[in-house]
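This report describes the metal sites and the bound ligand of one protein. The sequence and structure come first, and the description follows.

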Amino acid sequence: MYDHIIARDNSANPITITPIAEDAFKNWLSDQPESTKAWVSANGYEAKRGTQLSLPGSDGALGTVLIGYVDDAKAIWDFAGLPTTLPEGIYALADDLADNAGLYEKAALGLYLGGYRFDRYRKDDGKKAKRAKIALHDIEATKRAENTARGIGLARDLINIPANDMGPAELEAAARTLGKEFGAKVSAIIGEDLLKQNFPAIHTVGHGSDREPRLIDLVWGDESAPKITLVGKGVCFDTGGYDLKPSSNMLLMKKDMGGSAQVLGLARMIMAANLPVRLRVLIPAVENMVSGRAYRPSDILQTRKGITVEVGNTDAEGRLVLSDALTLAAGEDPEMLLDFATLTGAARVALGLGLPALFSNDDDLANGLMENGLALHDPLWRLPLWDEYRSQLDSKAADMNNISGSPFGGAIIAALFLDRFAEGAKSWAHIDLMAWNPSDRPGRPTGGEAQGIRAAFKLIEDRFGK
Ligand code: BES
Ligand code: ZN
Ligand code: ZN
């Protein structure tokens, strides 16, 4: 996945990548030989963040590559343009950067992510072989960056694979592959067994598809360690059901398993770092389709918790499948329960695509996630579980409706719906995210995206790490 990154080998003689802090540029330049000053000036180079300039060596070959940066949370992205713009060759980050572990980790992460490509369905255009190779030092910061990049890469790949190749069964296979790599136990409750084992909402929503719905369950780590449970929305394709989406809204709906991709990416980070926790990952995996077996608007369905739900809209399917998984999760009384879901368009209206909405019944958890998110440039923004809106989910025919009659506050309404099923969880957070980059930026190409999992990993590591 990241074969543009290689290990630093002392025998090789790579071209050095020299990071220059934007505000230290003038100082740096004053110490340079006249020829360098002339070259820098001729190129109008000022080491603005994310900009690069190649300096010739004494023999006319490429001497070094300057890269401007600012050492703040966004520094990751200052380095992310290099893998796609450097000419073919072998490069290495300057040795003295290894003394600054924090900055090195950000630089290394940017260099990893800058080389991410989703090329599974494309003929080899020869570009891959010609990519620059970047050598990273064998230090802790590199290992941390690599772990993060692999978690993010997994999440992106799972989202980018189209629904014809990423149905509920393939999502289960992906969880099994991941589990195998780290010695986790993976099981799944499939099709009619969902009814037998009392997961009626997952069964109902998934029944309209020819591809059987399932609850995927991954368990890893010492049973006596603190329990962390991650729940991810795994709607492999969301047509909206009988409340069919218009084609423009349906087009991107392969990404509706983006929540499950986040929790698998995060699980990978936790397992690879060998954090001393007992991890459980639950993924209700379904396809929301139209067929003679599909559920209808106004149907009343059962849930694992025993709460009956009237279907006001078949397109509000995510909260239904999550309800059964959250009931199971909360019943185990984990120390921390996080769910990730591409749950509402309303969250995107409120906060835009780059800022997932965060809801929590625990202020410490919410504050921790928000603080880490801002510090790592993996932001989340808290919205309230506003008590006064609860009654909007009342139904005349059942215990609850799955939608509100009002078009306002949709992300909060969805979170309040989940809250009924996460009841009893002492520290629960719900993350409503886009899981998609709408345009290309260095290190963040158009397509599936990880959001909030670096923030969550740091919090789990700080709270439960060794
Ligand atoms: N998967 C969608 C939400 C979504 C849409 C997330 C676009 C990100 C981008 C979800 O299942 C859905 O369709 N929600 C409805 C809920 C409504 C019917 C109450 C929505 O947001 O319109
Ligand atoms: Zn939907
Ligand atoms: Zn959906």
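Donors are N, O and S atoms within 2.8 Å of the metal, and water is not among the atoms, so sites may look incomplete. The model is a predicted one.

**The zinc ion (ligand 3).** Its protein donors are K233 (NZ), D238 (OD), D256 (OD) and E317 (OE), lying 1.9 to 2.4 Å from the ion. Along the sequence these donor residues follow the spacing K-x4-D-x17-D-x60-E. The site has 6 donor atoms with angles of 76 to 174° among them, and is octahedral. For six octahedral donors the ideal angles at a metal are 90 or 180 degrees.

**The zinc ion (ligand 2).** This ion is coordinated by D238 (OD), D315 (O), D315 (OD) and E317 (OE), at 2.0 to 2.2 Å. D315 thus appears with both O and OD in the list of donors. The sequence spacing of the donor residues is D-x76-D-x1-E. Here the angles among the 6 donor atoms run from 71 to 168°, and the site is irregular.

**The pair.** The zinc ion (ligand 2) and the zinc ion (ligand 3) lie 3.2 Å apart, with D238 bridging them. Is E317 buried or exposed? E317 counts as buried because its relative accessibility is 0%, under the 20% cut-off. D315 counts as partly exposed because its relative accessibility is 23%, between the limits of 20% and 50%.

**Ligand 1.** Ligand 1 sits in the largest pocket. It is surrounded by 16 residues, of which K245, D256, D315, E317 and G345 are the closest. Among these, D256 is also a donor to the zinc ion (ligand 3), and D315 is a donor to the zinc ion (ligand 2). The table gives polar contacts of ligand 1.

| Atom of ligand 1 | Protein partner | Distance |
|---|---|---|
| nitrogen | D256, N or O atom in the side chain | 2.8 Å |
| oxygen | D315, N or O atom in the side chain | 2.8 Å |
| nitrogen | L343, polar backbone atom | 3.5 Å |

Taken alone, ligand 1 exposes 520 Å², and the protein buries 77% of that area.

Methods: Residues are numbered from 1 along each chain as its sequence is written. Chains are lettered from A and ligands numbered from 1 in the order in which they are written. This is a predicted model: local features need pLDDT of at least 70, side-chain atom pairs count only at pLDDT 80 or more; totals for chains, interfaces and linings use all residues. Side-chain values use heavy atoms; hydrogens and water are left out. Four donors count as tetrahedral if all angles lie between 85 and 135 degrees; four count as square planar and six as octahedral if opposite donors are over 155 degrees apart and all others between 65 and 115; anything else is irregular. Buried means under 20% relative accessible area, exposed over 50%, partly exposed in between (1.4 Å probe, protein chains only). A residue is near a molecule or strand if one of its heavy atoms lies within 4 Å of it. A polar contact is a pair of N or O atoms within 3.5 Å; within protein, one must be able to donate a hydrogen and the other to accept it, and residues adjacent in sequence count only if both atoms are side-chain atoms. Accessible areas come from the Shrake-Rupley method with a 1.4 Å probe; for residues, only the protein chains shown count as cover. On a 1 Å grid over the protein atoms alone, a cavity is a set of points where a 1.4 Å probe fits but cannot get out, and a pocket is an open set with protein on both sides within 12 Å along at least five of seven lines; lining residues have an atom within 4 Å of a point. A molecule sits in a cavity or pocket if more than half of its atoms lie within 2 Å of its grid points.
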